[in-house]
Amino acid sequence: MLQIYYIREYSKEVIERLAVKNFDAAAIIDKILVLDAKRRNIQKTLDDTLAESNKAAKEIGGLFKQGKIDEANVMKAKTADLKKASKELGDNLDSVSSELNDLLVQLPNLPHPSVPKGNSDADNEMIYEEGTMPELSNDALPHWELAKKYDIIDFDLGSKVTGAGFPFYKGKGAKLQRALINFFLDRAMDAGYTEFQPPLMVNEDSGYGTGQLPDKEGQMYHVTMDNLYLIPTAEVPITNIYRNVILKNEELPVMNVAYSQCFRREAGSYGKDVRGLNRLHQFDKVEMVQIQHPDKSYETLEQMKDYAASLIRALGLPFRILRLCGGDISFTSALTYDFEVYSGAQKKWLEVSSVSNFENFQANRMKLRFKNADGKTKLAHTLNGSALALPRIVAALLENNQTPEGIKIPKDLVPYTGFEFID
RNA sequence: GGAGAGAUGACCGAGUGGUUUAAGGUGCACGCCUGGAAAGCGUGUGUACGCCAAAAGUGUACCGAGGGUUCGAAUCCCUCUCUCUCCGCCA
């Protein structure tokens with residue numbers, strides 16, 4: 001959520017910058033400015049009325065103490081009007097505030113100046129590419145066929161037991177999952193992150209804090225009986241640890257990492273582009289979250305970007321990094337780098353990580369603050385990134401590393417799998 | 001799921017309708033004292049939204065959350081959440 005004072009001061013700039021995200025904010029900001037002025041006006045009147053009431057109540061108390069009952073009763077009668085007025089003003093303030101808030105949450109985060117204009121993923125800016133493309137023979141198999149050939153992932157069984165998008169991993173396939181998770185977590189420890197195991201369900205306040213609610217509830221599985229949501233990413237519980245928290249300056253940066261299963265409804269997304277592991281309803285991901293001083297958050301974003309790259313490099317996969325354009329970047333993000341690995345048999349780039357700086361957008365929603373060096377309370381910046389999401393990494397590993405002897409496991413991963421080939 | 005007891009500031013803790021303007025203590029910060037430190041003494045010490053050009057100042061709200069009663073609520077009433085003790089169930 002953008003800060004109201006910022007919209008008030010720099011409304012023109014806000015409109016211009018949101019245009020990069022193809023968001024026309026002019027009308028909504030007009031309404032916000034009107035409501036904001038109204039809100040402050042009502043609050044002033046209400047505060048004055050309450051001040052008068054408080055004063056009268058004290059006087060009445062004093063009169064009772066002195067035994068001046070009649071005078072007290074006269075005063076009491078006078079306060080009736082004040083009470084009525086403050087009740088009305090209070091109701092009015094509540095409705096104007098919530099109207100204002102409903103509009104504020106509709107505004108996306110301001111994109112960083114480096115975010116290119118654009119309408120779709122075709123307009124994303126490729127900023128880096130690394131690795132050698134796999135040279136596969138013409139009869140190379142896509143990963144869903146390799147999965148069947150080596151009996152390591154069973155999509156049909158998942159469909160039977162749960163539904164499409166919920167595969168079973170089996171034998172060396174299951175072990176490969178565990179190996180990747182531990183590999184990613186151990187690397188994160190070495191990089192200075194603290195590991196968390198979060199709850200896989202969160203309450204409404206948490207969904208709101210990271211921006212999934214109120215708009216995107218259709219993308220989360222909802223446990224209606226207890227009003228809990230299955231997390232779409234560990235970002236949600238891990239960031240919400242700091243909801244309504246004021247950190248000390250020296251506690252920054254907070255560097256957390258968590259493995260979790262992630263649940264996404266992604267309604268209506270079936271078809272040939274989502275075959276196999278390309279898009280699942282349940283998948284595994286290791287997620288890093290940082291909370292940083294506003295002056296340092298972009299430096300941190302670059303470090304997180306480099307860190308994600310180092311993981312893919314260690315697995316020997318060709319990859320590229322994109323700076324997302326205004327049309328493709330998320331609602332809450334100011335700047336996002338997407339990582340894609342090349343999956344040789346599908347001949348497709350697959351997104352395996354997304355690293356973003358949210359600046360104070362999430363922090364403002366969840367009231368995540370810190371005391372700066374001067375002792376002033378300020379909103380912190382939040383960042384997160386996948387490090388990494390498993391399914392598409394597995395897809396690329398299977399496809400790119402297929403050999404007549406089986407699927408070759410990258411060297412750095414062998415200590416974790418305990419085998420060199422899936423055969 | 002059932003019964004009971006609780007939730008007060010950074011922390012401990014007093015407070016059952018009216019100088020609570022939340023006592024007292026601890027911690028922390030600054031100052032005095034000291035060769036330096038400790039002790040001692042003194043001062044200060046939350047959050048949010050307003051008002052004010054701004055600072056200073058000042059208004060309002062906040063004692064788990066949300067409602068209510070009252071001229072006046074930390075205190076009384078209702079609902080909810082969480083914690084503890086016991087019972088039930090349970091990997």
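Welcome! Chain A holds 13 helices and 19 strands, and what you see here is a predicted model. Its C-alpha trace spans about 100 × 45 × 45 Å along the principal axes. An RNA strand, B, is part of the picture too, with 22 residues surrounding it. Here is a short tour, topic by topic.

**Overall layout**

- Chain A is divided into domain 1, residues 4–104, and domain 2, residues 121–422.
- Between the C-alpha centres of domain 1 and domain 2 the distance is 44 Å.
- Where the two domains touch, domain 1 gives four residues to the contact and domain 2 gives seven.
- Chain A has 423 residues, and 48% of them count as buried.
- Among contacts in chain A with a separation of 6 or more, 74% are between residues 24 or more positions apart.

**Around RNA strand B**

- The closest of the residues surrounding RNA strand B are Arg39, Gln43, Asp47, Ala57 and Lys371.
- Looking at the RNA side, 73% of the atoms of strand B within 4 Å of the protein belong to sugar or phosphate, and the rest belong to bases.
- Asp47 places a polar side-chain atom 2.8 Å from a base nitrogen of RNA strand B.
- Ala57 uses its backbone instead: one of its backbone N or O atoms lies 2.7 Å from a base nitrogen of the strand.
- Lys371 has a side-chain N or O atom 2.4 Å from a phosphate oxygen of RNA strand B.
- Three elements give two or more residues to the surface near the RNA, namely α3 (26–65), α4 (69–104) and β14 (369–371).
- Helix α3 supplies the largest share of that surface, with 13 residues.
- Sorted by class, the surface near RNA strand B has eleven charged, six nonpolar and five polar residues.

**A closer look at Leu93**

- Leu93 sits in helix α4 and is buried, with a relative accessible area of 14%; the cut-off for buried is under 20%.
- Leaving aside neighbours within four places in sequence, Leu93 is in contact with Arg39, Ile42, Gln43 and Leu46.
- Leu93 and Ile42 are 51 residues apart in sequence, yet their C-alpha atoms are 6.2 Å apart in space.
- Two of those partners of Leu93, Arg39 and Gln43, are also listed among the residues closest to RNA strand B.

**The nonpolar cores**

- In soluble globular proteins, nonpolar side chains tend to be buried together.
- Here the largest nonpolar core has 60 residues, and those with the most contacts inside it are Leu180, Phe184, Phe339, Val341, Ile393 and Ile422.
- Helix α10, residues 297–314, contributes the largest share of this core, eight residues.
- A second, separate core has 23 residues, including Met1, Leu35, Leu100 and Leu110.
- Ile393 is in contact with Leu180, Leu315, Leu317, Val341, Val352 and Leu388, again leaving aside neighbours within four places in sequence.

**An enclosed helix**

- Helix α12 covers residues 390–400, and ten of its eleven residues are buried, so the helix is largely enclosed by the rest of the structure.
- The buried residues of α12 include Leu390, Pro391, Ile393, Val394, Ala395 and Ala396.
- Leu397, Leu398, Glu399 and Asn400 of α12 are buried as well.
- Ile393 ties two of these topics together: it is a buried residue of α12 and is named among those with the most contacts inside the largest nonpolar core.

Technical notes:
Residues numbered from 1 in each chain as written. Chains lettered and ligands numbered in written order. Predicted model: local features only at pLDDT ≥ 70, side-chain atom pairs only at ≥ 80, totals over all residues. Heavy atoms only, no water. Near = heavy atom within 4 Å. Polar contact = N/O pair within 3.5 Å; in protein donor to acceptor, adjacent residues only side chain to side chain. Helix = DSSP H or I, 4+ residues; strand = E, 2+ residues; numbered from the N terminus. Nonpolar A, V, L, I, M, F, W, Y, C, P; charged D, E, K, R; others polar. Core = buried A, V, L, I, M, F, W, Y, C linked by side-chain atoms within 4.5 Å. Buried < 20%, exposed > 50% of the residue type's maximum accessible area, 1.4 Å probe, protein only. Contact = heavy atoms within 4.5 Å. Domains from an automatic or database assignment.
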